[in-house]
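Subject: The structure I promised

Hi,

Here is the structure we talked about. Have a look at it first, and my notes follow below.

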Amino acid sequence: MKSLICYFSTTGNTELACRYIGKMIPGAAFEFLDITRGSVPDLGTYDLVGFATFADFLGPSKRMRDFIQELPQQKQKPAFVFNTYGNFNGGTLRK
Ligand SMILES: Cc1cc2nc3c(=O)[nH]c(=O)nc-3n(C[C@H](O)[C@H](O)[C@H](O)COP(=O)(O)O)c2cc1C
């Protein structure tokens, strides 16, 4: 299995959570993509794709929303989202 987590992390909390998940689920063979550094990934080469960001005024940051908008539409691709937050997550996960 080959997996990818695309993350946006400004102070490191979200990246730390990504790395922890990668360590705890070795069978998923996670790779990590910092969306501020990498280019649009070829999602077709991954069995599972995650998106991780932080609550940014009660929602996902614009940077992550723009990144997701740029991705080509996928079919039947297992995916998941998660986020870190300080106190109140608001609509971050839902959005
Ligand atoms: C500009 C900004 C907006 C934030 N908005 C929220 C928020 O609405 N709710 C919340 O619980 N935490 C909020 N936080 C706290 C971050 O979500 C939290 O510290 C997060 O873990 C930071 O992730 P990172 O270290 O990966 O950047 C905000 C932080 C910043 C810098």
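One residue to click on early is Ile35: setting aside its neighbours within four places in sequence, Ile35 is in contact with Cys6, Tyr7, Phe8, Arg63, Met64 and Phe67. Keep in mind that this is a predicted model.

Ile35 also belongs to the largest nonpolar core, which has 15 residues. Leu4, Ile5, Cys6, Tyr7, Ile35, Ala52 and Met64 have the most contacts inside that core. At least two core residues each come from strand E1 (3-7), strand E2 (30-34), strand E3 (48-54) and helix H2 (62-70). E1 gives the largest share, with four residues.

Now the strands. E3 is mostly covered, with six of its seven residues buried. E1 and E3 run parallel and are joined by five bridges, and there you'll find Tyr7 opposite Ala52. E3 also pairs with strand E4 (residues 79-84), again in the parallel sense, over six bridges. In that pairing Phe51 stands opposite Val81. To get from E3 to E4 the chain passes through H2, making a right-handed β-α-β crossover.

And the ligand, which I guess you'll want for your own work: 18 residues lie around it, and Ser9, Asn13, Thr14, Phe54 and Gly86 come nearest. What is the make-up of that shell, in terms of nonpolar, polar and charged residues? The split is six nonpolar, 11 polar and one charged.

Shout if anything looks odd on your side.

Cheers

Notes. Residues are numbered from 1 along each chain as its sequence is written. This is a predicted model: local features need pLDDT of at least 70, side-chain atom pairs count only at pLDDT 80 or more; totals for chains, interfaces and linings use all residues. A residue is near a molecule or strand if its C-beta atom, placed from the backbone, lies within 6 Å of it. Ala, Val, Leu, Ile, Met, Phe, Trp, Tyr, Cys and Pro count as nonpolar, Asp, Glu, Lys and Arg as charged, and the others, Gly among them, as polar. A nonpolar core is a set of buried Ala, Val, Leu, Ile, Met, Phe, Trp, Tyr and Cys residues joined through C-beta atoms within 7 Å. A residue is buried if 20 or more other C-beta atoms lie within 10 Å of its own, exposed if 12 or fewer, and partly exposed in between; C-beta atoms are placed from the backbone. Two residues are in contact if their C-beta atoms, placed from the backbone, lie within 7 Å. Two strands pair if DSSP finds at least two bridges between them. A crossover is right-handed if, with the strands pointing away from the viewer, the path from the first strand over the helix to the second runs clockwise.
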